[in-house]
Amino acid sequence: MSKQLVTKDNSLIGASYSLGVVEQRLIFLAIIEAREQKTLIEAGGLLRIYAQSYAKQFNVEKHTSYEAMKRAVEGLYEAGFAYSKIDERSGKLGRYKSRWVDKIGYIDDLGCVELVFASDVIPLITRLEARYTEYELKQVVGLQSEYAIRLYELIIQWRTVGKTSQISLVDLREKLGLVDEYQRIEAFKRRVLDLAITQINEHTDIIAEYEQHKQGRVIMGFTFKFKTKKNKEKIATEMKKKDTDNDDMSTIEGLNDKQLGRIARNPSFVADYNDLVSSTSPAGQDMNMWEFEMVNRLKKDASQFKKRPIREYLNY
């Protein structure tokens with residue numbers, strides 16, 4: 001199955017706009033459809049986004065998805081964005097405003113939304129050269145905050161570096177589409193940044209954090225650092241290799257007295273491995289005696305653990 005890629009010129013990634021989650025999701029699906037039908041989109045053709053496709057991509061009920069898409073039509077028609085782009089003839093930076101769509105509507109009997117991208121949008125999603133950002137749609141599927149989606153896009157422009165340049169508080173608010181909302185910095189951090197970072201770290205392919213930059217006691221801007229998560233397959237491969245390379249250290253026989261003691265003292269171990277406690281241990285006995293007996297029992301019964309890797313004990 002081919003990857004579903006969302007690709008945008010960095011001018012569009014760095015644009016200032018406010019779109020809800022459903023509106024942004026419609027844009028994602030339309031971008032994917034547009035790039036698959038490049039001839040059609042360049043001719044200003046209609047793109048259809050079906051409720052069935054939306055429901056499948058974002059794991060919601062078909063009926064629920066269609067109602068959400070219908071509600072998003074009005075907002076997407078009214079929505080605009082502001083962006084900066086280098087003028088090809090003069091080389092000077094131009095600042096522009098545009099709308100997302102020239103036309104948008106829905107067909108109840110087909111369960112779909114139809115849209116035509118505005119002429120300014122088309123080159124920013126189809127005629128891409130050096131400065132663009134690309135990511136798989138699945139990375140933003142789990143994001144339920146409109147700010148999380150926008151922040152993810154802003155951050156991954158810097159994927160090759162792992163750290164953004166400093167973004168002023170004013171610019172960041174504009175890029176996230178905030179006007180009067182969350183004016184107090186405490187509310188902005190709690191309701192926007194912290195929530196977005198939490199969702200990004202949980203649902204996407206990166207782990208991110210931010211650093212505040214102050215002038216005196218006033219926060220003036222932020223820098224975002226991030227790293228790519230290791231996928232499960234890679235982790236499994238590395239663990240298997242490590243077990244093979246360190247076979248003589250992969251059993252409990254590789255633990256010394258101090259390590260065995262730490263395992264024996266951990267309360268979680270008691271719950272998971274209470275079968276190792278001697279049945280003759282008197283109730284309420286001294287902890288040192290219990291630990292001594294546990295360690296000795298582990299040593300004596302070490303042979304039964306020969307096939308159990310040390311990593312099973314890391315939680316303890």
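A strand here is a DSSP run of type E with at least two residues, and strands are numbered from the N terminus. I start with that term because my first residue sits in a strand. Tyr-135 is found in strand 7, which covers residues 132-136. The model I am reading is predicted.

**Entry 1: Tyr-135**

I asked first whether Tyr-135 is buried or exposed. Its relative accessibility is 3%. Buried means under 20%, so Tyr-135 counts as buried.

Next I looked for what surrounds Tyr-135. I left aside its neighbours within four places in sequence. Tyr-135 is then in contact with Gln-4, Leu-5, Val-6, Phe-28, Val-140, Tyr-152, Glu-153 and Ile-156. I picked out Leu-5 from that list. Leu-5 and Tyr-135 are 130 residues apart in sequence. In space, their C-alpha atoms are 5.6 Å apart.

**Entry 2: The whole chain**

I stepped back to the chain. I count 13 helices and 10 strands. There are 316 residues, and 42% of them are buried.

I then took contacts between residues at least 6 apart in sequence. How many of these join residues at least 24 apart? The share is 64%.

**Entry 3: The sheet with strands 2, 6 and 5**

I traced an open sheet of three strands. The order is 2-6-5, and the pairing is antiparallel. Which strands stand at the edges? Strand 2 (47-50) and strand 5 (101-107) do. Each has a single partner strand, so one side of each is left without a neighbour in the sheet. Neighbouring strands are turned by 20° against each other on average, with direction ignored.

I followed strand 2 to its partner. Four bridges join strand 2 to strand 6, residues 112-117. Across this pairing, Tyr-50 stands opposite Cys-112 in strand 6.

I also checked what packs on this sheet. Helix 5, residues 62-78, touches strand 2, strand 5 and strand 6. The direction of helix 5 makes about 155° with that of strand 5.

**Entry 4: Helix 4 and the loop after it**

I moved to helix 4, residues 51-58. Which of its residues are buried? They are Ala-51, Tyr-54, Ala-55, Gln-57 and Phe-58. These buried residues pack against helix 2 (21-36), strand 2 and helix 5.

Just after helix 4 comes Asn-59. Asn-59 lies in the loop between helix 4 and helix 5. Its phi is positive, at about 55°, although Asn-59 is not a glycine. I looked up its accessibility too. The relative accessible area of Asn-59 is 71%, so Asn-59 is exposed.

I noted another residue with a positive phi. Tyr-182 has a phi of about 50° and is not a glycine. Tyr-182 sits in the loop between helix 8 (169-175) and helix 9. At 25% relative accessibility, Tyr-182 counts as partly exposed.

**Entry 5: The sheet with strands 8, 10 and 9**

I traced another open sheet of three strands. Here the order is 8-10-9, again with antiparallel pairing. Strand 8 (167-168) and strand 9 (206-215) stand at the edges. Each has a single partner strand, so one side of each lacks a neighbour in the sheet.

How many bridges pair strand 9 with strand 10? There are 10 bridges, and strand 10 covers residues 218-228. I found Glu-209 opposite Lys-225 in strand 10.

Helix 9, residues 185-203, lies across strand 9 and strand 10. Helix 9 runs at about 155° to strand 9.

**Entry 6: Empty space**

Rolling a probe the size of a water molecule over the atoms shows where empty space is left. I looked for cavities of 30 Å³ or more and found one. The largest cavity has a volume of about 40 Å³.

What lines the largest cavity? The residues are Tyr-17, Ser-18, Leu-19, Gln-24, Glu-146, Tyr-147, Arg-150 and Leu-176. By class, four are nonpolar, two are polar and two are charged. Helix 7, residues 146-156, gives the most to this lining, with three residues.

I also opened the second largest pocket. Its volume is about 210 Å³. Its lining is Lys-138, Gln-139, His-203, Thr-204, Asp-205, Thr-228, Lys-229, Lys-230 and Asn-231. Five of these residues are polar, four are charged and none is nonpolar.

How values were computed. Residues are numbered from 1 along each chain as its sequence is written. This is a predicted model: local features need pLDDT of at least 70, side-chain atom pairs count only at pLDDT 80 or more; totals for chains, interfaces and linings use all residues. Side-chain values use heavy atoms; hydrogens and water are left out. On a 1 Å grid over the protein atoms alone, a cavity is a set of points where a 1.4 Å probe fits but cannot get out, and a pocket is an open set with protein on both sides within 12 Å along at least five of seven lines; lining residues have an atom within 4 Å of a point. Grid points are joined across faces, edges and corners, and a volume is the space filled by probe spheres set on the points. Ala, Val, Leu, Ile, Met, Phe, Trp, Tyr, Cys and Pro count as nonpolar, Asp, Glu, Lys and Arg as charged, and the others, Gly among them, as polar. Two strands pair if DSSP finds at least two bridges between them. Contact means heavy atoms within 4.5 Å. Axes are lines fitted to C-alpha atoms, for helices over the stretch in contact, and angles run from 0 to 180 degrees between N-to-C directions. Buried means under 20% relative accessible area, exposed over 50%, partly exposed in between (1.4 Å probe, protein chains only).
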